[in-house]
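User: Could you take a close look at one part of this protein for me? I would like to hear about the space enclosed inside it, and then about whatever surrounds that space.

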Amino acid sequence: QKALEILEEQLRGAEDAAFQEAIEKLEESIKFEKELQEMSENLKMDMTPEGLRIQLIDQEDRPLFPQGSAAMFDYTAALISAVTDIVLGLKQDISISGHTEAEPETTDSTTLDPADPDSYTNWELSADRANAARRVLQENGLPEYRIKSVIGRADREPFIEHDPYDPRNRRISIVVLRESLEEAIE
């Protein structure tokens, strides 16, 4: 049991070091590319118990997607491409989730008709945006088998908790998942 605890501690230490290096590489790549420099406020990276979380966050003057759409702007795709380069340097799997800000409830969300804004809710929008991010990650070389989940979280996990309508609640989270001890041993 003690040996497993030591192995687990070593694994976490090695992962944390690799994640920290990935953060530094991404920050460095952003410094040298003008289009990405302008996106630096849209990017937040931190380590969580789940793994390295890379968040692409809407800013009032620079959204990631047009309002109500899952068709991302070109500069959003460029930022996700830079993230892909970093994620490819790591071996862990990833999870992608889409988030929206709170909006008044629609009149009828029982039927999904993208042409009817009252039926296309934040659930569909957040899932579609996460899936759009997945497509860009894959187009830039991330193998499909490394993607463990693509999730729409709607407005259920606000980034700005005290203001559910804040545009920064609209975001894409890409989490490089920590390996389990069993996976690392394999």
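How do the residues of the lining of the largest cavity divide into nonpolar, polar and charged?

Analyst: Happy to walk through it with you. Please keep in mind that this is a predicted model, and that every value below is computed from it.

To your question: the lining of the largest cavity has four charged residues, two polar ones and one nonpolar one. The residues themselves are Gln67, Gly68, Glu101, Glu103, Leu125, Arg129 and Arg170. The space they enclose comes to about 40 Å³, and the count of cavities of 30 Å³ or more is one.

Glu101 is a good place to start among these lining residues. It sits in the loop between β3 and α4, the latter covering residues 122–139. Its relative accessible area is 9%, so Glu101 is buried, the cut-off being under 20%. The side chain of Glu101 makes a polar contact of 3.5 Å with the side chain of Arg170, and Arg170 is also one of the residues lining the cavity. If we set aside residues up to four places away in sequence, Glu101 touches Asn122, Asp155, Pro164, Tyr165, Asp166, Asn169 and Arg170.

From the cavity, let us turn to an open space. The second largest pocket has a volume of about 210 Å³. Its lining is made up of 13 residues, and those closest to the pocket centre are Glu50, Arg53, Ser97, Glu157 and Val175. By type, the lining of this pocket holds six polar, five charged and two nonpolar residues. Three strands each supply at least two residues of that lining: β2 (51–57), β3 (94–99) and β5 (171–177). Strand β3 gives the largest share, with four residues.

Serine 173 shows how these strands meet. This serine is found in β5 and has a relative accessibility of 4%, so it counts as buried. Along the chain, serine 173 and isoleucine 96 are 77 residues apart, yet their C-alpha atoms are 5.6 Å apart in space. Leaving out neighbours within four places in sequence, serine 173 is in contact with Ile54, Gln55, Ser95, Ile96, Ser97 and His99. Two of its polar contacts run from side chain to side chain: one of 3.1 Å to glutamine 55, and another of 3.4 Å to histidine 99.

Beyond β5 there is another glutamate to look at. Glutamate 179 lies in the loop between β5 and α5, which covers residues 181–185. Its relative accessibility is 12%, so glutamate 179 counts as buried. A polar contact of 3.5 Å joins its side chain to that of lysine 91.

Finally, a word on helix α1. It covers residues 2–31, and at 1.5 Å a residue its 30 residues should span 44 Å; the C-alpha atoms at its ends are 44 Å apart, so expectation and model agree. Its buried residues are Leu11, Glu15, Phe19, Ala22, Ile23, Leu26 and Ile30. Their spacing is worth reading with the helical repeat in mind: an α-helix has 3.6 residues a turn, so residues three or four places apart point the same way.

To come back to where you began: the cavity has about 40 Å³ of space, four charged residues in its lining, and a buried Glu101 whose side chain is joined to that of Arg170 by a polar contact.

Notes
Residues are numbered from 1 along each chain as its sequence is written. This is a predicted model: local features need pLDDT of at least 70, side-chain atom pairs count only at pLDDT 80 or more; totals for chains, interfaces and linings use all residues. Side-chain values use heavy atoms; hydrogens and water are left out. On a 1 Å grid over the protein atoms alone, a cavity is a set of points where a 1.4 Å probe fits but cannot get out, and a pocket is an open set with protein on both sides within 12 Å along at least five of seven lines; lining residues have an atom within 4 Å of a point. Grid points are joined across faces, edges and corners, and a volume is the space filled by probe spheres set on the points. Ala, Val, Leu, Ile, Met, Phe, Trp, Tyr, Cys and Pro count as nonpolar, Asp, Glu, Lys and Arg as charged, and the others, Gly among them, as polar. The expected span of a helix is 1.5 Å times one less than its number of residues. Buried means under 20% relative accessible area, exposed over 50%, partly exposed in between (1.4 Å probe, protein chains only). A polar contact is a pair of N or O atoms within 3.5 Å; within protein, one must be able to donate a hydrogen and the other to accept it, and residues adjacent in sequence count only if both atoms are side-chain atoms. Contact means heavy atoms within 4.5 Å.
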